[in-house]
Amino acid sequence: MSELQGIKNQTIINVLDKEIPFFEEFTRKHGIVWPNDQKDNRLLILSASMVGFIATPYREIKLPVKYSEITFEHILRMYLYVHTYRKSDDAKELDVTSNSDDLDITKSFFRLLEKQLNNGIIRTYERSNGNSRTVRGKVNWIKSYENILKRNNNPIVAQSFKLTTNNSINRLIVGALNKLSKSRSYALSAKNYLDFFHDIRNPIEKDGAKFLHTIVFNSNTNRYKKILNYAAMIIDNTDYSNLGSNTGMQSFLLNFDALFEDFVIKVLTEESHTQGFSTWDKMHTFAQSSFNSEIVYKPDILFKYLREDPNNDYKESSLGVLDCKNKAHSIFKNADVYQVISYSRKLSAKRTILLYPSFKSKEHEVLSLDYDLFRPASIYASFVNIANDEGTEFLQSIRSFAKDVVTILNG
């Protein structure tokens, strides 16, 4: 029996008896429910949205990408666009250069780090306070004079600046290196690179992508963006197990469906040149049951949302309701249509759009409903091409998609 089986929307892993302790720990760490009936039958069923690889103490299991038209690197390119890419960057940073699904995140990280370290490590000036025997920097003359009267050996109190590697960029890199140093496969390489960063304090150990958003780049540090993207992925998405004889094995997982939603949100907010797109941080109340329990909902994206609309009896409203569906081969599914109809009626929307991935340029489609029963009576499907290999073509595709969505919303 093969180690992997595929059925619609799921990946089935055939678990070895000796791997049960590993997968018990693995599912717990990743918040994955592993029902007893699956465990008893030595199976683990994962959503097809999970991509990457799982390294047990005995083997490496590569999870398939849910679409044969793209590779794992196309998905990583989306991650790069969401978390680090800015409009001033070179489009070549978004090129897909590998036609293989076997993309080793760590080796790519090491390769880029080696290249940039050869070009020069990023150092910044850090303010330092201290006592010395010589006058240098900004001197506190009053305290220095007091120390002279007390006959201190180092009487001069001064503030000076020194070059250091302790900055945001290197703290993120060291966080990734520290994690890789736990892996038997990469420990030696990671520790060799750590020697370059001997004065780092408080390396980033979690929420790498979130921290990456706080870094301000300039013409000198732009070259580190792709490295930092890999560093953030290693911090956030790699996992190690100390079970079995082969300790420190590496696993790397991404939720493709969640990434697609984040990707579409960034494309519409940054590439559409249109104000009004928004998302909710929390669930909103959809209805109240007779047992005083709430039914809640949360659309993916709203266009021109109003919390209190005077034209809708001061209830909340939205001109457009948009929902992301990572279902390239099955558009207008019944459940998806019913869902957005409910959202649109609740928010008195005039436009409803389902947003799908595609692998070529594609015109939007329209599902026409019974006008006497539904408002709005049309549901649109708009498609974003994620399969371009060249970064320039990829940017053209996502901007064309954003333009198409805005055209639909504006009627």
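This section describes two buried polar residues and one helix pair in a predicted model.

In the predicted model, N326 lies in the loop that connects strand 15 (315-324) with helix 11 (334-346). The relative accessible area of N326 is 7%, and this residue is therefore classed as buried, the cut-off being under 20%. Its side chain takes part in a polar contact of 2.9 Å with the side chain of D257. When neighbours within four places in sequence are left aside, the residues in contact with N326 are K66, Y67, F256, D257, F260 and P357, so that D257 appears both in this set and as the partner in the polar contact.

A second buried site is found at S344, which is placed in helix 11 and has a relative accessibility of 1%. The side chain of S344 is joined to that of T352 by a polar contact of 2.6 Å. Apart from residues up to four places away in sequence, S344 touches V321, A349, T352 and P376.

Elsewhere in the model, the packing of two helices was examined. Helix 4 (residues 105-119) packs with helix 9 (residues 225-237) at an angle of about 145 degrees, the axes being 9 Å apart, and the crossing of helix 4 and helix 9 is left-handed. On the side of helix 4, the contact is formed by I105, T106, S108, F109, L112, L113 and Q116, which meet K226, I227, Y230, A231 and I234 of helix 9. Of the residues in this contact between helix 4 and helix 9, eight are nonpolar, three are polar and one is charged.

Terms used: Residues are numbered from 1 along each chain as its sequence is written. This is a predicted model: local features need pLDDT of at least 70, side-chain atom pairs count only at pLDDT 80 or more; totals for chains, interfaces and linings use all residues. Side-chain values use heavy atoms; hydrogens and water are left out. Helices (H or I, at least four residues) and strands (E, at least two) are DSSP runs, numbered from the N terminus. Buried means under 20% relative accessible area, exposed over 50%, partly exposed in between (1.4 Å probe, protein chains only). A polar contact is a pair of N or O atoms within 3.5 Å; within protein, one must be able to donate a hydrogen and the other to accept it, and residues adjacent in sequence count only if both atoms are side-chain atoms. Contact means heavy atoms within 4.5 Å. Axes are lines fitted to C-alpha atoms, for helices over the stretch in contact, and angles run from 0 to 180 degrees between N-to-C directions. A crossing is left-handed if the near helix is turned anticlockwise from the far one by less than a right angle, and right-handed if clockwise. Ala, Val, Leu, Ile, Met, Phe, Trp, Tyr, Cys and Pro count as nonpolar, Asp, Glu, Lys and Arg as charged, and the others, Gly among them, as polar.
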